[in-house]
Number of protein chains: 2
Amino acid sequence: MTQGTHCLSTEALTELAEKVLINSGLDKLEAQHTAEILVLADLFGLSTHGVSRLISYTDRMRIGGINVKANIQIETLAPALIRVDGDNGLGPLVGARALHAAMHAAQQTGVALAFVRGSNHFGPVAPYCHIAAQAGFATMIASNATPTITPWGGKQTRLGNNPIGFGVPRPGNDAVVLDMALSVAARAKIRDLAKANLSIPEGWATNDQGQPTTNAAEALKGFLLPVGGHKGYGLAIMVDLLTGLLSGASYLTKVSSWQDAPDMPQDLGHIFLLINTKLLGSTEWLIERMNNFAGIVHDTQATDAKNPVLLPGEREYQRKNDQQIHGITLPKELYQQLLTMTNDKGNA
Amino acid sequence: MTQGTHCLSTEALTELAEKVLINSGLDKLEAQHTAEILVLADLFGLSTHGVSRLISYTDRMRIGGINVKANIQIETLAPALIRVDGDNGLGPLVGARALHAAMHAAQQTGVALAFVRGSNHFGPVAPYCHIAAQAGFATMIASNATPTITPWGGKQTRLGNNPIGFGVPRPGNDAVVLDMALSVAARAKIRDLAKANLSIPEGWATNDQGQPTTNAAEALKGFLLPVGGHKGYGLAIMVDLLTGLLSGASYLTKVSSWQDAPDMPQDLGHIFLLINTKLLGSTEWLIERMNNFAGIVHDTQATDAKNPVLLPGEREYQRKNDQQIHGITLPKELYQQLLTMTNDKGNA
């Protein structure tokens, strides 16, 4: 461990996150649901979407951007179709409620879909896929996001770098989980290369005129490119139509930015599709097929022998399994900030 | 019209396709279902997946690779969960049956998912999304495919260039439909560049050692690269898990190639997810939101003023609307071949 970090057990970090949330006005159960998502994000190594988000979440709750006393409404429109109105509540809390409502419905109907509106940033997708997989559900989960990319062939910000994820359970083993945004590279990576005065690879970004560039500084003024060009653009549009438009939430430029307008509701939309795999075959059937599938993938000759071929999410699960034994490492500054936030009743 | 083409009305091409199929042993209703999918493919300009496929389809039926007398089984595992066994029937026929079964279920349950196994190449995804959108359903539809790509970081063919598509209805207007495979470029494009002795762009393909190449000839011996590298690889894996593994069909290298082994069942898997948008709001509500969404996208300043920003599927719908008025253009050779196949009873 380096000097600038602090290592906690999963239980200790969960307790810390819950205390911060309770101190911000959430009740015990709400804090538990939210903390579970954020701590799973840290376990998976997705630390930009983990407990570090408690800073902006609690800031926004304090200034009324997120509704601390949200009355989350769950409406059953049809046996397999659920609509959740988050009442501008905390994203991971709204998300967890929607996930559990859809899991409950799919128990009977085999498949269920929850459309969510009136939500906020809900963390990464992987924790939700993981929780569902543990209970035997395959998933497709997605959200829209603050607009940061331009439509294909355009040069104005219109569309979020919308995350989408899928999970398939592998009983007795780690699930297969994909959690991705739709840009080729994250803006943070371009920022790092610009600082180092390096160029960026072809295909990552355009300049502010929508023209391809390998100049990192120009790219920062321009637009992130989606994976596969028009294909990733198309996926981002479809995710926004499903999560934003059909759910009744905001979409495209109507989505508010938590960074530029932290005091405003984002009105994000999400979808949670749950598939009850237990109705498709026995646990033994699923284990045998998943083991066979994983074996075929793992046996692929690697281009670089030091880097064996992996399944989606495998690296994240390795991180999780490792951190569950050895503890989760946070930057010391973040740890101390969270600690302060548990005692900071006057500010809540 | 050039000399080497023949132009037919939608009705005439549909009738021609139906006759070919009936002559191959399908009954009238089966021929109608199949022809509808293939002719829609041609209308959308997806001619590599349209009536031209009747050549390989009927060849495979003749040699027993596809079961002409398939007894397609539709099983309701739970109110919103359907499993279809295609009995090695014609792909578009199995697909159409699964689509309609899932639409029927989602009428009541709001959302329904059909898993399909024992199928064959089912044409493009767009026609299914279109048919569902006409009836008010949003869709996610996908299939696995003959393995042609290598897992990320590998150098052996393991995975199909699995197509996935989404559709959202826009009542009174063309739907928004995305239909994509997961490679950056099609192999046919690389073949054309190799013939012309030209290089291919970075990021399209690797050589046979899994290393990036811009040499078209080397790329033909190597592997297509998925969109967004590990992201597209991840999507291809998740599509195979959903369509192949969970459906009970074959997956990865277990999928048989219709080109290399035309006399063998492919045992492909598909999924059809249907969402009844009529339960989410009134038709007026959906029209207003879809018009607003389309307006925001279309109003984006274009990088090249001659190429305005489009929604997914817009180009294909323009083609369809145009061909419905002016007729569908086929290569004359294909037209004459199909014509022969309507009289070719002795061969069926």
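## What counts as a contact

Two residues are in contact here if their C-beta atoms, placed from the backbone, lie within 7 Å. Keep that cut-off in mind as we walk through this predicted model.

## Where the two chains meet

By that criterion, chain A brings 62 residues to the contact and chain B brings 62 residues as well. On the side of chain A that touches chain B, the elements giving two or more residues include the strands β2 (73-78), β4 (111-119), β8 (164-168) and β9 (176-180). The helices α4 (91-109), α8 (230-245) and α9 (283-298) of chain A belong to that list too. Among these contributors, α8(A) gives the most, with nine residues.

What is the chemical make-up of this side of chain A, by nonpolar, polar and charged residues? There are 36 nonpolar residues, 20 polar ones and six charged ones.

## How the copies are related

A turn of 180° with a shift of 0.0 Å along the axis lays chain A on chain B, with an RMSD of 0.1 Å. That is the relation of a two-fold axis. Both copies use the same surface, as 100% of the contact residues of chain A recur in chain B.

## Inside chain A

The domain assignment splits chain A into domain 1 (5-183 + 226-280 + 321-347), domain 2 (184-225) and domain 3 (283-311). Between domain 1 and domain 3 of chain A, the C-alpha centres are 29 Å apart.

These two domains of chain A also touch: domain 1 supplies five residues to their contact and domain 3 supplies five residues. On the domain 1 side of that contact in chain A, you will find two nonpolar residues, two polar and one charged.

Technical notes
Residues are numbered from 1 along each chain as its sequence is written. Chains are lettered from A and ligands numbered from 1 in the order in which they are written. This is a predicted model: local features need pLDDT of at least 70, side-chain atom pairs count only at pLDDT 80 or more; totals for chains, interfaces and linings use all residues. Helices (H or I, at least four residues) and strands (E, at least two) are DSSP runs, numbered from the N terminus. Ala, Val, Leu, Ile, Met, Phe, Trp, Tyr, Cys and Pro count as nonpolar, Asp, Glu, Lys and Arg as charged, and the others, Gly among them, as polar. Copies are superposed by least squares on the C-alpha atoms of residues with pLDDT of at least 70 in both. Domain bounds come from an automatic or database domain assignment.
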